[in-house]
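Hello,

I am handing over the structure we talked about, and my notes on it follow just below. Please have a look at it first and then read on.

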Amino acid sequence: MKNLLLTLALTAGCLTYSSAQQINTVPQSSADVGMEPIRQGNWMVGGSIGSLGYSFESESFNIQVNPRAGYFISDGVAIGAQANLGFRTSDADADNVWGYGIAPFVRYYFPGGASATGRFFGQGDIGIGGSSAGDDVALNLGLNAGYAHFITQTVALEVTAGYNYSKANINAQSDKQSGLGVAVGFQIYLPGRNR
């Protein structure tokens, strides 16, 4: 009888320990957020921490960092500004070029095709920029599509891909650059005053 009670006690203890371990070992990789982070009146702060691109005209490679801040003027629509800080190298130029600029943007989060933990979005920006090569101030245009995956209620990891165009001198054909780029980043979504 003692052996039977001891066996039952050990079995119950092992099952309790096993179920407790399963509950505590599941990491959080997403959050069910719905529309709450992208509601009117909220703010977003973050940016792309790694952006790689290739230019068609000069066969150059570039990498950029784009800090960004925006305000939701309606549910799913944000306006704001981003800084463009980058580095470009090419076979044609002996020197490496550092670039800078600022661009207002508009971002739209698509309601269809989204899950409870993520949203697809489109973003357009237009701005000005310059470089350490002493070029003229350039007009910069960008059109990007991306996906934001929410890991918590207020933080999302993002991936974007898109087309970028830059023209330094409107009268000269050779002063334009266009190319494709991909970026990885994050956004922090902050509730507005009324929330």
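**A salt bridge between two strands**

Glu158 and Arg107 form a salt bridge, with 2.7 Å between the closest N and O atoms. Glu158 belongs to strand β7 (residues 155–167) and Arg107 to strand β4, so this pair ties together parts that lie 51 residues apart in sequence. Are the two partners buried or exposed? Glu158 is buried, because its relative accessible area is 6%, and Arg107 is buried as well, with a relative accessible area of 1%; the cut-off for buried is under 20%. Please keep in mind that the model is predicted.

**The overall picture**

The protein has one helix and eight strands. Read from the N terminus, the order of the elements is α-β-β-β-β-β-β-β-β. Of the 195 residues, 32% are buried. Among contacts with a separation of 6 or more, 55% are between residues 24 or more positions apart. The protein exposes about 11700 Å², and carbon and sulfur atoms supply 64% of that area.

**The other salt bridges**

How many salt bridges does a search of the whole structure find? The search finds three. Besides the pair described above, the side chains of Arg39 and Glu36 meet in a salt bridge at 3.7 Å, N to O. The side chain of Arg39 also meets that of Asp75 in a salt bridge, here at 3.3 Å, N to O. This second pair links distant parts of the chain: Asp75 sits in the loop between β2 and β3 (77–90), Arg39 sits in the loop between α1 (2–24) and β1, and the two are 36 residues apart.

As for accessibility, Arg39 counts as partly exposed because its value is 26%. Glu36 is partly exposed too, with a relative accessible area of 40%, and so is Asp75, at 38%. Partly exposed covers the range between 20% and 50%. Going back to the buried pair for a moment, Glu158 has a relative accessible area of 6%. By contrast with that pair, Glu36, Arg39 and Asp75 are joined into one network by salt bridges that share partners.

**Around Gln123**

Arg107 has a further polar partner: a polar contact of 2.8 Å joins its side chain to that of Gln123. Gln123 is placed in strand β5 (residues 118–131) and counts as buried because its relative accessibility is 5%. The side chain of Gln123 makes a polar contact with the side chain of Gln82 as well, at 3.4 Å. Leaving aside residues up to four places away in sequence, Gln123 touches Arg68, Gln82, Phe105, Val106, Arg107, Gly142, Leu143 and Asn144.

**The nonpolar core**

Which residues make up the largest nonpolar core? There are twelve in all: Val33, Ile38, Met44, Phe72, Ala78, Phe105, Tyr109, Phe121, Ala148, Phe150, Ala156 and Tyr189. The elements that give two or more residues to this core are β4 and β6 (138–150). Phe105, one of the core residues, has contacts with residues including Met44, Ala78, Ile79, Gln82 and Gln123, when residues up to four places away in sequence are not counted. Also among the residues that Phe105 touches are Arg68, Gly124 and Asp125.

**At the surface**

Turning to the outside, a nonpolar surface patch of about 930 Å² is made by Trp43, Val45, Ile49, Tyr71, Ile73, Ile79, Val106, Leu157, Phe186, Ile188 and Leu190. At least two residues of this patch come from each of β1 (43–55), β2 and β8 (176–190). Val106, one of the patch residues, is found in strand β4 (residues 97–109). Val106 counts as partly exposed because its relative accessibility is 45%.

One last residue to look up is Asn62, which lies in strand β2 (residues 60–74). With 22% relative accessibility, Asn62 counts as partly exposed. Asn62 and Gly99 are 37 residues apart in sequence, and their C-alpha atoms are 9.6 Å apart in space.

Happy to go through any of this with you.

Best wishes

Conventions: Residues are numbered from 1 along each chain as its sequence is written. This is a predicted model: local features need pLDDT of at least 70, side-chain atom pairs count only at pLDDT 80 or more; totals for chains, interfaces and linings use all residues. Side-chain values use heavy atoms; hydrogens and water are left out. Helices (H or I, at least four residues) and strands (E, at least two) are DSSP runs, numbered from the N terminus. Buried means under 20% relative accessible area, exposed over 50%, partly exposed in between (1.4 Å probe, protein chains only). Contact means heavy atoms within 4.5 Å. Accessible areas come from the Shrake-Rupley method with a 1.4 Å probe; for residues, only the protein chains shown count as cover. Patches are made of residues with over 30% relative accessible area and no salt bridge: like charges are joined within 9 Å, nonpolar side chains (Val, Leu, Ile, Met, Phe, Trp, Tyr) within 5 Å. A salt bridge is a side-chain nitrogen of Lys or Arg within 4 Å of a carboxyl oxygen of Asp or Glu. A nonpolar core is a set of buried Ala, Val, Leu, Ile, Met, Phe, Trp, Tyr and Cys residues joined through side-chain atoms within 4.5 Å. A polar contact is a pair of N or O atoms within 3.5 Å; within protein, one must be able to donate a hydrogen and the other to accept it, and residues adjacent in sequence count only if both atoms are side-chain atoms.
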